[in-house]
Amino acid sequence: MSLNIFANARQPLGNPAFLLGAAAAGFAVGLVANLGRKAAVQSLTALKGQWDEGLKAEHRLTMTLFDALEATDESDVKKRKALLVQLQHALAKHAFEEENVVYPAMRDHGQIEDADKLVHDHGYVKQYLFDLLEMDAADPAWIAKVREFRSEIEAHVEEEEQRLFPRLRAALGADGNKHVTTVMNKAGFAAA
């Protein structure tokens, strides 16, 4: 009789059925965790109710990230990089919702030029993010670029919230707003 209590415990590891079962269990746990993460990320938007209120909440989150970035100095390189990645992810999800749901709805309701301009603005958002990721976060020019980027985002947000989204909201009517809210939340969940 062997005194090695681990000898029997190791036998299943060589068993293909055991390995397949463990891999399937690991996949299931990962899938559930990912779905939970996506639900948590999209909840900020979904809990606001209507699509435009959800996007406004995302705009506020973006400004909070800019505030945190601007509160750093050249010695906070790791923090700057981490915050920039958070900003990049938040803006990517936000752009996905707008470009795949809201801007097409704008086009469908006669706001074609406005929707195209907003998509054009999103191209510059990607350019700013790329430039900042390529720059040395300790360089004084880096924070100047962040402030320039913020200014562009603020102008974009103001145009959406003050002029374009209210126009679309009025054009959609109750059923249209409900539909855009549902579809946008699905898109946001997918992108989260």
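Helices α4 and α6 pack against each other with their axes 8 Å apart, at an angle of about 40°. An angle of this kind makes α4 oblique to α6, and the crossing of the two helices is left-handed. This pair serves as the starting point for a walk through the structure, which is a predicted model.

The wider plan of the protein may be considered next. The protein contains 6 helices and 0 strands, so that its pattern, read along the sequence, is α-α-α-α-α-α under the rule that helices and strands are DSSP runs numbered from the N terminus. The protein has 192 residues, and 35% of them count as buried. Its exposed surface amounts to about 11200 Å², of which carbon and sulfur atoms supply 61%. Contacts can also be sorted by how far apart the partners lie along the chain. Among contacts between residues at least 6 apart in sequence, 73% join residues at least 24 apart.

Helix α6 has further partners besides α4. Helix α3 packs with α6 at an angle of about 170°, and the two axes are 7 Å apart. The angle makes α3 roughly antiparallel to α6. The crossing of α3 and α6 is right-handed, whereas the crossing of α4 and α6 is left-handed. Helix α5 is another neighbour: the axes of α5 and α6 come within 11 Å and cross at roughly 160°. Angles over 145 degrees count as roughly antiparallel, and α5 and α6 are therefore roughly antiparallel to each other. In this case α5 passes α6 in a left-handed crossing.

The interior of the protein comes next. In soluble globular proteins, nonpolar side chains tend to be buried together. The largest nonpolar core in this model holds 20 residues, and the members that touch the most other members are F66, L87, W142, V146, F149 and I153. Two or more residues of this core come from each of α3 (51-70), α4 (77-108), α5 (112-134) and α6 (140-191). Helix α6 makes the greatest contribution, with 6 residues. Apart from this core lies another one, of 16 residues, and F165, L168, L172 and V180 are among them.

Individual residues show how the helices meet. When its neighbours within four places in sequence are left aside, V146 is in contact with F66, L69, E70 and L132. A second example is T62, which is found in helix α3. Why does T62 count as buried? Its relative accessibility is 5%, and buried means under 20%. With neighbours within four places in sequence again left aside, T62 is in contact with L87, L91 and I153. Of these partners, L87 and I153 are among the residues that touch the most other members of the largest nonpolar core.

A further residue of interest is M106, which lies in helix α4. M106 counts as buried, because its relative accessibility is 0%. Which residues does M106 contact, leaving aside its neighbours within four places in sequence? They are Q111, I112, D114, A115, L118, L164 and L168. One of these partners, L168, belongs to the core of 16 residues. M106 can also be placed relative to R169: the two are 63 residues apart in sequence, yet their C-alpha atoms are 9.4 Å apart in space.

R169 appears once more in the surroundings of D52. D52 is found in helix α3 and is buried, with a relative accessible area of 6%. Not counting residues up to four places away in sequence, D52 touches F165 and R169. F165 is one of the residues in the core of 16 residues.

The last example returns to helix α4, in which E97 is found. Is E97 buried or exposed? E97 is buried, with a relative accessible area of 0%. E97 and G188 are 91 residues apart along the chain, and their C-alpha atoms are separated by 5.6 Å.

How values were computed
Residues are numbered from 1 along each chain as its sequence is written. This is a predicted model: local features need pLDDT of at least 70, side-chain atom pairs count only at pLDDT 80 or more; totals for chains, interfaces and linings use all residues. Side-chain values use heavy atoms; hydrogens and water are left out. A nonpolar core is a set of buried Ala, Val, Leu, Ile, Met, Phe, Trp, Tyr and Cys residues joined through side-chain atoms within 4.5 Å. Buried means under 20% relative accessible area, exposed over 50%, partly exposed in between (1.4 Å probe, protein chains only). Helices (H or I, at least four residues) and strands (E, at least two) are DSSP runs, numbered from the N terminus. Contact means heavy atoms within 4.5 Å. Accessible areas come from the Shrake-Rupley method with a 1.4 Å probe; for residues, only the protein chains shown count as cover. Axes are lines fitted to C-alpha atoms, for helices over the stretch in contact, and angles run from 0 to 180 degrees between N-to-C directions. Angles under 35 degrees count as roughly parallel, over 145 as roughly antiparallel, 65 to 115 as roughly perpendicular and the rest as oblique. A crossing is left-handed if the near helix is turned anticlockwise from the far one by less than a right angle, and right-handed if clockwise.
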